Amino acid sequence: MKSIQKLYDRIVQRANINLRELEFDVNPYVQNFIPFEQMIKFYAFFGISPHHRLNFQFKQSNLAGSYFLGQCKITNSLLYKSDIRGDELKKEGDLFQYQGFEIPVSRDEEIDITDSLLIKTLVHNFSHDPETLEEFFIKDTISMNYANIHGAPSDGCFLGAFATVDLTTMRDSVIGNFAYVQAGEISHLDIAPGTVWVRVPGEFNFMYTHPQDELKHYIYFTAGIAPQGQLIDFVEDRKEAFQRVFDVVNIEHSIPVPNSASLDRYAVSKPPIHIGENVLVSQRAFLQNAWLGKGANAQENCYIINSRLEGCNVTAHGAKIIEADMGTNVFVGFNSFLKGGPDSRLNIGKDCIVMPHTIIDIKEPLEIPEGHLVWGMIKSEKDLKRHSIAIEDFTKIDGGFSMGNMFFEGDGASFIGGFKERIHHILEANGAFFNGGDKKGHAQKNQYISFNTLQPYPEGPKKGLYPTIVIKP
Amino acid sequence: MNYIVKDLMVPISDYATISEGSTFLDALLALEPPNVDLGARIHPHWIVLVLDSNEKVVGKLSQINMLRALEPTTEDVKNIDKLSRFGFGAHFITQLRENLRLDDTSIESMYTSSEILQMKVEDFMKELADNDFIDENTSLATAAHQMSVRKRLSMLVTREKEVIGILKLSDVFTAVIHAIKSTTG
């Protein structure tokens, strides 16, 4: 345990040095909430398949309960129940498009995690930083429960619980609980909890901030107080179901899965479940009484309960859909929490875009008309009117626009176009458009993964640390 | 003439002073002498110095500090103000502030709000830092440089550790013009 504690001290010190300008001390946020005892109990696991590169290097780290795929290097780090998915990394010879330039990728990209502490964090996608195309780095960084580091190289940052940084290089910044940032590049920023910020300089800038008092009911986490709130309760209540999935070596799902679809063996599925063609259900997804139409997906840490997704639905990492009916092509962004009830169903019409980190929590039935952009915190019909707009109307914005606590400046058509393009890319990458021959994606490729486990030293001075391991084809 | 700071400064006795614990209204009354002539644009020295119980200068209140103290601090205003840190344009932010002012009638009463008028000066004064002070024997060139790089409209002039006067940017600038004219003319 001494080795882990020493490693922890080193990581905290390095993060604090980076965050000194913001006068942010990570120690009170993490010191009592790191499950050191648990870190010795759980095995790590990695996937191998003919469709994914294989190059793992683990050195001087603890990897408890974490999952690795693709090309990853982990050094001097503590990773607890985190998913490091290197299945979308760039390949040697790829051309990276950036501001009219085509930059060739000189070698296969790898995820490089150094001197960092990641708790139940998802790392996915690839580096969008044109300066580090071959290295998706995460260094001197601490991320807390259910954070997403998605295509976002990080140096000296702290991410709160349920925070997401997406397609953004971040340096020396603090990302508050349940904040979402997609801004290309940020430095020395302290982002308030519940901020949703999407910016492409010169094109558009979108910002919404959740009301802090209301957000605290869903997620509250501050110095000296463990993460708590409805979101934590929701996940904790379903933790046991995952226990069985991780305890059993060979698990067979009883649910029929078409040849073109994939239901990960580390997902929880509680019948009745319908899995359509080209459906992707990732590890750590939770399905209960769920109907997933053709091309729908449920990514890591998603929960779909008593709900129906008509098809080509993107349910991004960490999104939760409860007692809801979703039309086709509905996009639900990262960590959104959409909660209807048995007598208060949530109905979202086709082609809607639910912004990342949206909260819908209703006691009366609610219908969102097709083709709407939705954001913020919605608990009633009245809230919906203040937190949604027809996509067609949004595309006409040219200049400044505000609605309640949402501010937008720039070209509305560019904002919507960017989202639609990205949704199409996600569906394509996930294999939603697979036609039996072409357009294979994760749904088809992930069927051929086998899993292997790794374990730490059980006793002795290195107790809890994993031995240095290099795994290559 | 080779000016130095003490040639240009205004003696501290010319300035209004108030004690810590005074209110916004006290500061306002101290700042405005009864014979001020707004029509003729004759203004006194628009700074109030804040003294602690040992009569030591611990802060100063300028016009900008007073105006900032009058700013409403509602959640809506805070949300708009923070936009500038996130890349939103100045024009858009100004427009949002104007719209908010029109929507929020409470802003109309900000000049009579007892909450604002009774605010303690410590809450909105500019606390003094090392770079607010300048020695009385500093040359004009160095003083001009320091005011320029430190973006100061005024600095406190010291003899040993005692504050003896105020150096104003307008006086420094006038002296610079003088110096230029005397060398070129």
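**Sheet, interface and helix packing in a predicted two-chain model**

Chain B comprises eight helices and eight strands. The model described here is predicted. Of the 185 residues in chain B, 18% are buried. When contacts in chain B between residues at least 6 apart in sequence are considered, 63% of them join residues at least 24 apart.

Within chain B, helix α7 (residues 140-149) and helix α8 (residues 169-184) were examined as a pair. Their axes come within 10 Å and cross at roughly 135°. Angles from 65 to 115 degrees count as roughly perpendicular and those over 145 as roughly antiparallel; α7(B) and α8(B) are therefore oblique to each other. The crossing of the two helices is left-handed. On the α7(B) side, the contact is made by L140(B), A143(B), A144(B) and M147(B), while α8(B) contributes L169(B), V172(B), A175(B), V176(B) and A179(B). By class, the residues of this contact comprise nine nonpolar, no polar and no charged.

In chain A, six strands form an open sheet with parallel pairing, in the order β5-β10-β13-β16-β19-β22. The edges are occupied by β5 (78-80) and β22 (190-191) of chain A; each has a single partner strand, so one side of each is left without a neighbour in the sheet. Helix α1 (residues 2-18) of chain A packs on this sheet, where it touches β5, β10, β13 (142-143) and β16 (158-159) of chain A. The direction of α1 makes about 105° with that of β5(A). The edge strand β5(A) runs parallel to β10 (residues 117-119) of chain A, and three bridges join the two. Within this pairing, Y80(A) stands opposite I119(A) of β10(A).

The contact between the chains draws on eleven residues from chain A and nine residues from chain B. On the side of chain A that touches chain B, at least two residues each are supplied by β23 (195-200), β24 (204-209), β45 (398-403) and β46 (406-411) of chain A. The most is given by β24(A), with three residues. In terms of residue class, this side of chain A has four nonpolar, five polar and two charged residues.

Two loop positions of chain A that flank β39 were also considered. C352(A) lies in the loop between β38 (346-348) and β39 of chain A, and M355(A) is placed in the loop between β39 (353-354) and β40 (359-361) of chain A. A residue counts as buried if 20 or more other C-beta atoms lie within 10 Å of its own. C352(A) is buried because 21 other C-beta atoms lie within 10 Å, and M355(A) is buried because 23 do.

Leaving aside neighbours within four places in sequence, C352(A) is in contact with V330(A), I368(A), E370(A), G371(A), H372(A) and V374(A). Of these partners, V330(A) is 22 residues from C352(A) in sequence, with a C-alpha to C-alpha separation of 4.9 Å. With residues up to four places away in sequence not counted, M355(A) touches V196(A), G333(A), V374(A) and W375(A). V374(A) is thus a contact of both C352(A) and M355(A). By contrast, E21(A) and M355(A) are 334 residues apart in sequence and 31 Å apart in space, C-alpha to C-alpha.

Terms used. Residues are numbered from 1 along each chain as its sequence is written. Chains are lettered from A and ligands numbered from 1 in the order in which they are written. This is a predicted model: local features need pLDDT of at least 70, side-chain atom pairs count only at pLDDT 80 or more; totals for chains, interfaces and linings use all residues. Two strands pair if DSSP finds at least two bridges between them. Helices (H or I, at least four residues) and strands (E, at least two) are DSSP runs, numbered from the N terminus. Two residues are in contact if their C-beta atoms, placed from the backbone, lie within 7 Å. Axes are lines fitted to C-alpha atoms, for helices over the stretch in contact, and angles run from 0 to 180 degrees between N-to-C directions. Ala, Val, Leu, Ile, Met, Phe, Trp, Tyr, Cys and Pro count as nonpolar, Asp, Glu, Lys and Arg as charged, and the others, Gly among them, as polar. A residue is buried if 20 or more other C-beta atoms lie within 10 Å of its own, exposed if 12 or fewer, and partly exposed in between; C-beta atoms are placed from the backbone. Angles under 35 degrees count as roughly parallel, over 145 as roughly antiparallel, 65 to 115 as roughly perpendicular and the rest as oblique. A crossing is left-handed if the near helix is turned anticlockwise from the far one by less than a right angle, and right-handed if clockwise.
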